[in-house]
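Here is my note on the model you sent, set out as numbered points. I begin with the cysteines and then turn to the cores and one helix.

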Amino acid sequence: MAFMGRDTELTAGLARESAVCAAFVSLTASVVEDPEPDRVVDILSSECVRLLPIDSMEVFLPGLELERYPAAAEEGPALESFETGGGLAIDDLSAEESRWPGYVARMSELGYAAVSALPLRAMEETLGAITFLHTENAVLSAEDHRLGQALADAATLCLLQQRELRHHRKLSEQLQTALDSRIVIEQAKGVLAERAGISVGKAFQWLRAFARGSNRKLADVASGIVDGSLDSEVVLRSRHR
């Protein structure tokens, strides 16, 4: 019987270890599955609730300025954890009424009696914080606290990587737009040069002067000439007014 007990304990330990590993794999995969932060936060939330003895959790992410997550909070453990970069463990939330009156009242109405807060941080940057909510007066064990912080740290790295990917994607789109505009402008210069029998350089001067005189973007004028929505003769005639 003793050996069976050890086998059961070993099996449970291996199952938890496997579940923890799967959680970190899911967080890592979320970066390539979806460039937006929702996926990371959803996985973080579901894995924390699954792996830790908590009843619910909240996410506070002012560092990313996301519509879905709070950008500001007047009080509470999440704000304090975000501002200090440290964790908090409150086993009796009612005792903190003078500290966070509004927050304690809200949590009490929802039936929560204890809370733990952990920062979403990486090196010197803190993006926000997560709070673990308990319906009973209890806080996480040291082991569960370490696991919660490890999950939070992994999620933060994923969020930062996504932010970099979004930044590079936006930059790439801007560069592509600039390149496309340049190509269209070159095409418009060629059209004007051919029809007016002038040099490409002179055509560009006329094109630019027309854009300024009509208070339009150079790329829009060029695009109009290339696609035919703007008669090139209008541009050419404007030079003789």
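1. A disulfide is taken here as a pair of cysteine sulfur atoms within 2.5 Å, and a search of the whole structure finds zero of them. Of the cysteines, Cys-21 is partly exposed, with a relative accessible area of 44%, whereas Cys-48 is buried, at 0% (buried means under 20% relative accessible area, exposed over 50% and partly exposed in between, with a 1.4 Å probe and protein chains only).

2. This is a predicted model, in which local features need pLDDT of at least 70 and side-chain atom pairs count only at pLDDT 80 or more, while totals for chains, interfaces and linings use all residues. Residues are numbered from 1 along each chain as its sequence is written, and side-chain values use heavy atoms, with hydrogens and water left out.

3. The largest nonpolar core (buried Ala, Val, Leu, Ile, Met, Phe, Trp, Tyr and Cys residues joined through side-chain atoms within 4.5 Å) has 32 residues, and Cys-48 and Phe-132 are among those that touch the most other members. Its largest share, eight residues, comes from α5; helices (H or I, at least four residues) and strands (E, at least two) are DSSP runs numbered from the N terminus.

4. Leaving aside residues up to four places away in sequence, Phe-132 has contacts (heavy atoms within 4.5 Å) that include Cys-48, Met-57, Val-115 and Leu-140.

5. In helix α3 (residues 77–84), Pro-77, Ala-78, Leu-79 and Ser-81 are buried, and the buried residues of this helix pack against β1, β2, α4, β3 and β4. Gly-85, which follows α3, has a positive phi near 75°.
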